[in-house]
4 protein chains.
Amino acid sequence: MSTPDYGRAFSLMREAAGEAWGAYTRHAFVEGLKDGSLPRESFLHYLRQDYVFLIHFSRAWALAVVKSETHEEMLAAVATVNALVAEEMQLHVGICEAAGIPQEDLFATPERPENLAYTRFVLEAGYSGDLLDLLAALAPCVMGYGEIGARLGAEKSSETYADWIGTYAGEGFQGDCAAVGQLLDSALERRLGKDYANSPRFATLCDKFRKATELEVSFWQMGLTP
Amino acid sequence: MSTPDYGRAFSLMREAAGEAWGAYTRHAFVEGLKDGSLPRESFLHYLRQDYVFLIHFSRAWALAVVKSETHEEMLAAVATVNALVAEEMQLHVGICEAAGIPQEDLFATPERPENLAYTRFVLEAGYSGDLLDLLAALAPCVMGYGEIGARLGAEKSSETYADWIGTYAGEGFQGDCAAVGQLLDSALERRLGKDYANSPRFATLCDKFRKATELEVSFWQMGLTP
Amino acid sequence: MSTPDYGRAFSLMREAAGEAWGAYTRHAFVEGLKDGSLPRESFLHYLRQDYVFLIHFSRAWALAVVKSETHEEMLAAVATVNALVAEEMQLHVGICEAAGIPQEDLFATPERPENLAYTRFVLEAGYSGDLLDLLAALAPCVMGYGEIGARLGAEKSSETYADWIGTYAGEGFQGDCAAVGQLLDSALERRLGKDYANSPRFATLCDKFRKATELEVSFWQMGLTP
Amino acid sequence: MSTPDYGRAFSLMREAAGEAWGAYTRHAFVEGLKDGSLPRESFLHYLRQDYVFLIHFSRAWALAVVKSETHEEMLAAVATVNALVAEEMQLHVGICEAAGIPQEDLFATPERPENLAYTRFVLEAGYSGDLLDLLAALAPCVMGYGEIGARLGAEKSSETYADWIGTYAGEGFQGDCAAVGQLLDSALERRLGKDYANSPRFATLCDKFRKATELEVSFWQMGLTP
């Protein structure tokens, strides 16, 4: 199958990330979701850490609202904050409760260093830079999950993690990825022009994208070691 | 009539603001809305500036999401961002269009210095401080409009500005004020304890509240001079 | 006399600021310093407000250190913070004491709205944007005073304010202006390339520069009304 | 020997950090510096990473200038930025050059994840919180090195790393630690009163201090694996 189209800037950044992108989107954890071989314990451990991750990831998307320069940018960022805070976080609460993890336990999950490293990197990139720096650091999580979801939706050989796969393969999340891709493209063109890929700035943004991709690899690795 | 109850912290900060609070909530602009004597030109000028204000005020509320420390704080701040970006800003677009101001004109409104001073003060207080500093600077706008709306809803002697008054006198907005008051109370107790009013920190927060109140006075004054 | 050369980017931004630049650098307050006609009371009032201004201006330059991406950028910004905090602020303390304003009085100066508007605008531009946004908002104060100092050093017809003029006309401050101009040029080239002036980004930066210039005009105006 | 006295707040936070403090200040890396058993390769690897660390640590101290509320706080933070940027970073350049690592190599050191995690945590704590949050996250590095330096100065059984030990055992650095301890104490009293240790806020600050301490442990561990 071909990879989904999330826009031009994402496509360029993904390519510039080199092998890190494959190390992330085809990590052993991901392949374990695909064929159902991932131990349940790892999955639940991952879900709990991902809940903590989502708290800070939502804060980072809220920072994108603060750093917006147009009404369209604000609306796009607000929509993502809502999807994260009001929906995805609740989804995790639900899955965890169904798996016997009470909400209090979930909320009390101690943050693992690989988790902390990733979210603080994204937030700091956003605070220290402008909207472009922040979006470049946010993109790998959004679009990487989109790409993983789309591939696993087509290739999965087990129903064990079908719910999780369905969430990210589904129209809703794929639409979110397309919207974020569009936000990234338009934010770049607005600030750096149509020829943004030739601005020195773009290389710095690709560095931030690759660094965030590497931190995704560490996150999956952490998922394998409950 | 008695003033609405928006919580303990607001009540203390309001009192600490001294005469500035009355200068704000009983400004000539407000009295002109009440008896319908405010010139239409002033009102439309104010609405346009208020639209620009809401852009930055929404950004400041998004910053409150970033600076939240609990899930409840995040949810409360996200709800306010939504109410502002998705509803109140659209409301202004609608009123302005009905008054013959096309959306392009509204979006191109040059920001007046009194407007800029206020929003940058709030944003900077939020960036440089924590959630408490930010909420103290945000509160006068929210609760002041709530108090003005409630009073004018009861006392108005003209229907000229009844729509505007109705928006802020209405259950929806009054509920928002109560929710923000509760957020302020709980954020204070969480960080400074039940006895927060005796913390030196509280005096600094009252200063920020009063400064924001004074900037509201300037904003009304600006409204009178299109 | 010709204006001093503070680099290419400053020269372009200065031109883009249009009439605002002249309104700032040839304001009645400035002309009053030149021919000695400025009332002493205005001068002292201005000095006290300028002391409050310098506190926040130093904070903004410290933010430039935080937002630096290279060792050279950090060193340049640190040097400016030092010049401001360790030298210029002490200078004001000295001048004020010599004029009979004790240090406690100086420290207790209530901040005027025109003052607050300016510094919060600069700080917010820096927090919300990257180093370029911050430098564009910082430049008018530094280079404007350099230009004023250089001109008044050559044209002054009275010795009343010769000390003040000498400070900004002197080699030390003129060197600071050249250094900031160089920092601005190199920061732009590093991020946007040699052709930075054709990036859409540059227009936004010119807007921030012009807005800060307008806020300088208000600051002088405030100086005339103790 | 007794541990040096860096003030009351540090002493309380150190105690609240529990075993993490000992894991940090008596880490195998530290003991290897003491008896000279630390492989040279590890030491140079550590020095290179520490150079990258100092860049971001200096940025974080510059943020402390931005977040200061008094002239004294500003002066204390500016002094630390200077000591770091103008002195300690140059010291590393010198030691590395003497060890055959050219400056270009040093500047091009790829940042290790344990390094990134620590500095981004500190910066984000500072951006999202106020000066207290930032100081609590900055303190373990400053005072921990002070405590390590003082102990190794007294206990070292080898001259191999005597220069390094001398730097942190010396009067200069010990004076810096005392000054930072005083800044922490006075900043806490100013905001939370003499009884700051009983404010709920203090517990949150102790959490940040302990988290930074744990990240120091990871940093030493990283040093052992070039």
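**Exercise 1. Count the salt bridges across the interface of chain B and chain D in this predicted model.**

Solution.
- Step 1. Look for a side-chain nitrogen of Lys or Arg within 4 Å of a carboxyl oxygen of Asp or Glu.
- Step 2. Across the interface of chain B and chain D, zero pairs meet that rule.
- Step 3. Now turn to polar contacts: eight residue pairs qualify, both residues at pLDDT 80 or more.

**Exercise 2. Describe the contact between chain B and chain D, then the side that chain B presents.**

Solution.
- Step 1. Count residues: chain B gives 16 and chain D gives 16.
- Step 2. Take the area. The two chains bury about 1100 Å² between them, with 48% of it on carbon and sulfur atoms.
- Step 3. Find the main losers of area in chain B. B:Ser128, B:Pro200 and B:Arg201 lose the most to chain D, together 34% of what that side buries.
- Step 4. Assign helices. In chain B, H7 (113-128), H10 (171-192) and H11 (200-223) each supply at least two residues of the side touching chain D. H10(B) gives the most, with four residues.
- Step 5. Sort that side of chain B by class: seven charged, five polar and four nonpolar residues.

**Exercise 3. Explain why A:Cys206 forms no disulfide, then examine B:Cys177.**

Solution.
- Step 1. Count disulfides over all chains: zero.
- Step 2. Apply the cut-off: the two sulfur atoms must lie within 2.5 Å.
- Step 3. The closest cysteine sulfur to that of A:Cys206 belongs to A:Cys141, 18 Å away, so the gap is too far for a bond. A:Cys206 is also buried, at 10% relative accessible area.
- Step 4. For B:Cys177, the nearest cysteine sulfur is that of B:Cys141, 9.3 Å away, and B:Cys177 is in no disulfide. B:Cys177 counts as buried, at 0% relative accessibility.

Terms used:
Residues numbered from 1 in each chain as written. Chains lettered and ligands numbered in written order. Predicted model: local features only at pLDDT ≥ 70, side-chain atom pairs only at ≥ 80, totals over all residues. Heavy atoms only, no water. Contact = heavy atoms within 4.5 Å. Buried area = accessible area lost by both parts, 1.4 Å probe. Polar contact = N/O pair within 3.5 Å; in protein donor to acceptor, adjacent residues only side chain to side chain. Nonpolar A, V, L, I, M, F, W, Y, C, P; charged D, E, K, R; others polar. Buried < 20%, exposed > 50% of the residue type's maximum accessible area, 1.4 Å probe, protein only.
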